Amino acid sequence: MTQEKVTRALFDDVMVPNYNPQQFVPVRGQGSRVWDQDDREYIDFAGGIAVNALGHTHPALVAALKEQADKLWHLSNTCTNEPALRLAKKLTDATFADKVFFCSSGGEANEAAFKLARKYAYDNTGPEKHEIISFTQSFHGRTLFTVSVGGQKKYREGFEPVPGGITHLPYNDIDALKAAISDRTCAIVMEPIQGEGGIIPADIEFAKEVRRLCDEHDALLVFDEVQTGVGRTGHLYAYETLGVTPDILTTAKALGGGFPVGAMLTTDKCAPSLGFGTHGSTYGGNPLACAVAEAALDVINTPEVLAGVNDKRAIFVEELEKINAKHNIFRDIRGGGLLIGAELIEEWHGKAAKFLAAAREAGVMILVAGPNVLRMTPSLIIPETDIREGMAKLEQAIARVIEAGPDAE
Ligand SMILES: *Cc1c(COP(=O)(O)O)cnc(C)c1O
C-alpha cells in the first residue's frame, strides 16, 4: 500500500472546519514528548486534553492493547466480555458506585447520566419531576442534551430548539441554588472543577450544600468527572477531595489513557431505572477499550502515581510563579492536581490563543480554557526534567508574545 504525503494544509481541503488544529502534524510520542513530521520535538503539557494520563505509548497500555488485539476486538452488547467485567469490578471496588454503564466518550457518559436522572425521577415520582439544574460556564459535551445542560450559550446557538427543563445558575453561589431548587428538580449536575469554563474549582462548602439540597429535594447529584477523574487531582476521583459523594459520576478522557472509552457510575438505588432496553451503545464496553482502560486504571490507581500528582503540581506552580515574577502576566494560578489554569492579567484577556501558538513554536504544547486562561493537563507521570524544560520554553514563548504586545497580528 502506498501512502501519499499528507500535510496540515490538507486539513482545510478535506475536513469539516469545526476544528482549527495547530500548524504542525505530530506523528509519534513517547512519555511526555511528541515529534512532528519534520522530527521536531515538543514537550507535551497538553496531554491530549487530560486524556494521556500516562503520557504517550506507555508500555503497560501498549502491552494491554496488543494482547487484546490478538484475542477479541468487538462483540456488541448481546454478549458481555472479560475486560469489561474486570474493569467494572475495579471501578466499583475503587469508588462509591455499585453499577457501571460503558460508552465511548464523555458526552455519551453524560447523556446516559442525564437520561438516568430523568428516568429515575419519572419512575419514582412522576413526569413533572424533570428539571435539571446546572451551572454557567460548565461543559458537559457536544450532543444536543449535553450542550443544553452545559452552561455555555455559544455551544447551543444555532442548534435550537434544544431540550427544555434546564436551568443554569452561577457556580459556587449557594443562595442562587437555594432559590432555584424545588421538588420538580430531578438532578443537579456539576464539575468538581470546571474545566473548559476556565479551571474553576468548587468551594467545598458549596459542594456540601449542593449535596444537602439534593437530599432535601430528592434530587440526584451528578458529578461530571470527565476531566477531573482518573487521578487528575491526586485522588482517583475529585469527589473524594470534596468529601461529597454523588449519585451518578461520569468518567472518560483519562479512563482509556488515549483509547476512546467512557463510563457512567451509579448506585444500586438508581441503576434499576436504566432497565433492559432503556439505553445502549454499540461500542460501550468494547473489549479492546476496556482492556486498555483496565491497564490504565491498574497503573494510575496506586499510591505512587496518585501521590506524585501533587508533587508535580508543586513544580508546575513554582515554575509558573517564577515566570510571573519576571513577566507579570498571570492574575491567578489555580486548579487542582495536574489540572492547572493560569489566568492572564486583564490587559491580555481574550488573547490566550496567542500564547498557545507561541508555545508550540517554542516547542511546548499547552492548552487554553476559554479566552483568558492558559491550561495544562499533562501526563500524571511527567518527569521533573520535562516539566522544567517545558517551562523554560513556555517562558521564551511568553516573553515573545509580550514583546509583540496584545494587539500584534
Ligand atoms: C471533555 C469533557 C466532556 C466531553 O467529553 P467528550 O469525550 O469530548 O464527549 C464532558 N465533560 C467534561 C467536564 C469534559 O471536560
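These exercises cover the sheet, its helices and the ligand site of a predicted model.

**Exercise 1. Lay out the sheet and find its edge strands.**

Step 1. Write down the strand order: E4-E12-E11-E10-E7-E5-E6. The sheet is open, has 7 strands and shows mixed pairing.

Step 2. Look for strands with a single partner. These are E4 (99-103) and E6 (166-169), so each has one side without a neighbour in the sheet.

Step 3. Add the twist. From one strand to the next, it averages 20 degrees.

**Exercise 2. Describe how E5 and E6 pair.**

Step 1. Recall the two options. Strands pair through backbone hydrogen bonds, parallel or antiparallel.

Step 2. Assign the sense. E5 (residues 131-135) runs parallel to E6, over 4 bridges.

Step 3. Pick a facing pair. Ile-132 sits opposite Ile-166 of E6.

Step 4. Place a helix. H5 (residues 106-124) packs on the sheet and touches several strands, including E5 and E6. Its direction makes about 165 degrees with that of E11.

**Exercise 3. Which residues hold polar contacts to oxygen atoms of the ligand, and how much of the ligand is covered?**

Step 1. Start with the backbone. A backbone N or O atom of Gly-106 is 2.8 Å from a ligand oxygen. For a polar backbone atom of Gly-107, the distance to a ligand oxygen is 2.6 Å.

Step 2. Turn to side chains. Lys-253 places a polar side-chain atom 2.6 Å from an oxygen atom of the ligand.

Step 3. Read the coverage. Of the ligand's 380 Å² of accessible area on its own, the protein covers 81%.

Step 4. Sort the shell. It holds 2 nonpolar, 7 polar and 3 charged residues. H5 gives the most, with 3 residues.

Terms used:
Residues numbered from 1 in each chain as written. Predicted model: local features only at pLDDT ≥ 70, side-chain atom pairs only at ≥ 80, totals over all residues. Heavy atoms only, no water. Pairing = 2+ DSSP bridges. Helix = DSSP H or I, 4+ residues; strand = E, 2+ residues; numbered from the N terminus. Axes fitted to C-alpha atoms, helices over the stretch in contact; angles between N-to-C directions. Contact = heavy atoms within 4.5 Å. Polar contact = N/O pair within 3.5 Å; in protein donor to acceptor, adjacent residues only side chain to side chain. Areas by Shrake-Rupley, 256 points an atom, 1.4 Å probe, with all protein chains shown as cover. Nonpolar A, V, L, I, M, F, W, Y, C, P; charged D, E, K, R; others polar.
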